[in-house]
Amino acid sequence: MEQRRYEGRRARGYLVGCVVAVLLWNVASAQIRYSISEEVNEGTVVGNIAKDLGLDKSTLRDRKYRIVSSNADPLFHVNQNDGVLYVSRTIDREEVCAQSSTCLINLKTVLENPLEVHYVEVEVLDINDHSPIFTEKEKRLEISESVLPGARFQLKASRDRDSGQFSVQQYKLSHSDHFRLEVKDKGEDGKIPILVVQKPLDRETAGSHSLILTALDGGKPPKSGTMNILVKLLDINDNAPVFSKDVYSVVLDENSPIGTTVIEVNATDLDEGTNGEVVYSFSNSMNQNILNLFEINPLTGEITVQGLIDYEEKDRYEIEIEASDKGTAPLTTEKSVIIKIVDVNDNAPEIEVTSFSSSIPENSRPGTTVALISVNDLDSGLNGKVICSLVEDVPFTLSPSLKDNMYSLVTKSPLDREKKANYELTIVGKDAGQPPLFFTKKIDIVVSDVNDNRPEFSLSPYTFYVTEANEPGTSVFSVKAFDSDENDNALISYHILRDGSGDNKVTSFLNINTDSGDILALKSFDFETLKTFQFRIVATDSGTPSLSSNVTVNVFILDQNDNAPVILYPVSSNGSAEGVEEIPRNVNAGHLVTKVRAYDADIGYNGWLLFSLQEVTDHSLFGLDRYTGRIRTLRSFTETDEAEHKLVILVKDNGNVSLSATATVIVKLVEPKEAFAAADVKSATNDEEDNNVTFYLMITLGSVSTLFLISIIVLIAMQCSKSTDYTSKYLQETNYDGTLCHSIQYRSGDKRYMLVGPRMSVGSTIVPGSHANTLGLPDRRHTSGEVRHIQRCDILIYFFHF
């Protein structure tokens with residue numbers, strides 16, 4: 001029946017422990033406190049943290065709401081869906097908090113993005129699940145019969161693993177006429193039962209007394225434990241030892257070596273013999289932990305250290321000393337010795353990174369939190385005061401938190417990944433003890449890239465030289481840009497800027513590889529049609545948002561020898577290069593017979609024409625100027641010379657692979673009278689031709705001069721705008737009287753170029769029909785009545801590359 005009542009009480013106790021206590025707000029520390037009974041079932045709800053903190057439940061999972069705990073088997077867990085705190089396993093309060101009056105479990109909860117830390121305290125309430133227990137089932141006391149009423153005998157207290165009201169609350173002694181029970185409350189050490197003599201004892205009447213001591217806790221119903229007390233009466237020893245001091249108090253440093261003397265107590269007994277000999281011992285009520293730390297010499301009363309004294313574990317000890325004589329019925333006197341432990345700086349600070357973001361964007365503003373750091377030092381006072389600092393000169397700093405021993409690692413200046421992408425921080429914690437103790441913690445921080453750098457071209461502007469008649473669809477040149485960012489932020493694509501203006505029509509025939517920057521020409525360039533053009537290329541990275549830059553590209557078309565010479569004179573009526581010249585027989589040596597005129601659409605060396613006699617009936621009669629094409633007599637004619645001579649003239653340019661054309665001149669010798677008549681007709685015809693061409697000649701000269709001036713200005717501007725260190729040296733070249741009239745050489749880097757332009761001599765004139773492509777020098781050897789033919793000179797600018 002008693003067993004069933006006990007089980008009913010235990011079930012009701014568990015039912016009460018499963019009820020969640022009222023939520024308490026601790027305003028001073030900004031913490032939430034819950035209360036829950038021990039030994040509740042796994043999964044019992046403790047409280048709704050999200051609701052009590054006003055957190056948005058929908059963001060808890062995304063923000064990785066969790067409890068930060070170093071325990072491999074935590075007592076609690078939080079549901080990320082609703083923010084409810086649950087019990088993870090059965091909680092034994094006596095295991096977690098021993099016999100502390102208040103059992104508080106501090107939980108640290110963390111939310112990320114942004115980082116939030118909340119502290120939750122859970123108070124574990126005790127239930128009456130343990131009964132009082134005596135370490136001895138039977139206690140034997142020997143008491144002299146001469147003791148007076150009121151003599152006190154301290155008994156060993158009962159221990160109950162429960163705390164508070166469920167610990168031992170009272171003792172009861174079985175009925176006795178000679179003894180009664182008193183209880184001494186020693187606070188932290190509990191209640192101590194004391195057996196008090198109630199009336200004089202008579203050994204002859206009763207030599208012993210059997211008593212039952214019962215210990216009761218504060219449960220409803222209370223639990224109990226019993227101990228049998230056997231009192232044996234001894235013969236008279238009527239003086240108890242007396243201590244020399246009323247109060248013993250001493251100060252002891254923690255970590256004192258084993259064997260260190262704490263204090264020496266002294267007691268005297270007025271009896272003689274064995275009844276006056278005093279021995280010392282610890283009281284039976286002493287806790288076993290204290291017995292492991294201290295020992296007493298039974299003869300001298302010297303208390304020494306025999307274990308590790310740790311201030312952080314306990315800073316004060318109260319030891320009960322007993323002084324007993326050696327009488328047949330020993331008398332005992334008790335005295336308390338107070339030992340105060342002095343803290344020494346024996347614990348180095350400990351640094352814990354509570355929450356850490358290993359990667360931080362380089363555009364983070366100063367003051368951005370990178371990590372939360374908690375510091376702990378088990379020492380007290382100045383020995384436990386910790387100051388943290390960073391060793392390196394880095395763009396980070398430690399900011400103290402409102403809560404003691406908490407720091408925030410924040411940025412103090414802007415970051416630049418392109419200058420430094422990784423930081424290894426060393427955090428040093430130093431306490432204020434003497435000497436101070438240190439602790440270091442290393443943290444690696446990676447600076448992540450943001451798109452804050454534009455692509456940069458290797459040159460600006462670019463200048464390329466492309467030979468005409470290039471193969472369509474092949475690469476003609478390439479540009480390259482670089483980006484200091486990484487990954488997609490440094491992935492560059494290229495495109496040609498097409499604005500649709502007339503100046504950029506040529507870009508419609510260009511294409512660019514968006515990945516490599518190679519530029520393809522979709523058609524062949526013709527130097528005679530297009531000499532130079534300009535366009536812009538844009539390089540764009542793949543960041544978000546993307547950044548871009550552009551560069552100007554100047555392209556110069558280089559001439560090739562792709563045009564053969566064209567014979568302008570002589571040209572017969574049927575279009576063939578053949579003409580007939582009549583001269584008198586009586587002309588002297590050096591007489592100008594005629595001049596073969598030709599032009600080449602190419603310029604420079606490719607357009608420089610040379611004349612040679614390929615066929616002639618008599619080599620002694622006629623000579624040909626190889627540069628001007630003038631045909632002159634080498635001697636006077638004789639009667640034996642034939643009346644008609646055929647001259648075949650070869651005209652070729654100076655290209656690497658020369659192109660040529662031929663002209664045929666038939667020279668007929670006539671009598672002087674016939675020659676004068678023919679000369680008059682020819683002179684009239686030439687005068688009429690010259691009058692018709694004068695107007696066109698003036699327009700041509702004006703256009704040539706303007707175009708030449710513009711070309712020179714553009715060239716000078718391009719040279720001045722180049723950022724690279726080019727050294728240009730202009731060297732005066734030999735002036736030729738042929739089609740290559742004037743040239744200037746210059747160097748640029750490791751390349752050598754020749755600028756070819758017109759040089760007009762004084763008295764030179766433009767030959768009608770020459771299109772101003774060649775320039776000739778006047779022949780000062782002929783008479784004033786002769787027609788002066790001049791060779792053409794190209795007026796455009798051309799670059800020869802060596």
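Leaving aside its neighbours within four places in sequence, which residues is Asp449 in contact with? Keep that one in mind while we look at the whole chain, which is a predicted model.

Let's start wide. The chain has 55 strands and 5 helices. Of its 802 residues, 44% are buried. Its accessible surface comes to about 41900 Å², and carbon and sulfur atoms hold 50% of that. As for the contacts with a separation of 6 or more, 65% are between residues 24 or more positions apart.

Now zoom in on one bit of sheet. Strands 18, 22 and 21 form an open sheet in the order 18-22-21, with antiparallel pairing. Strand 18 (261-264) and strand 21 (294-296) each have a single partner strand, so they stand at the edges with one side lacking a neighbour in the sheet. On average, neighbouring strands here are turned by 20 degrees against each other, direction ignored. Strand 21 pairs with strand 22 (residues 302-305) over 3 bridges, in the antiparallel sense, and Phe294 has Val305 in strand 22 as its bridge partner.

Back to Asp449. You'll find Asp449 in the loop between strand 32 (438-448) and strand 33 (456-457). Is this loop residue buried or exposed? Asp449 has 16% relative accessibility, so it counts as buried. Its contacts, with those sequence neighbours left aside, are Glu362, Arg417, Glu418, Asp485, Glu486 and Asn489. For Arg417, there's a polar contact between the two side chains at 3.0 Å. With Glu486, the side chain of Asp449 reaches the backbone nitrogen at 3.1 Å.

Notes:
Residues numbered from 1 in each chain as written. Predicted model: local features only at pLDDT ≥ 70, side-chain atom pairs only at ≥ 80, totals over all residues. Heavy atoms only, no water. Helix = DSSP H or I, 4+ residues; strand = E, 2+ residues; numbered from the N terminus. Buried < 20%, exposed > 50% of the residue type's maximum accessible area, 1.4 Å probe, protein only. Contact = heavy atoms within 4.5 Å. Areas by Shrake-Rupley, 256 points an atom, 1.4 Å probe, with all protein chains shown as cover. Pairing = 2+ DSSP bridges. Axes fitted to C-alpha atoms, helices over the stretch in contact; angles between N-to-C directions. Polar contact = N/O pair within 3.5 Å; in protein donor to acceptor, adjacent residues only side chain to side chain.
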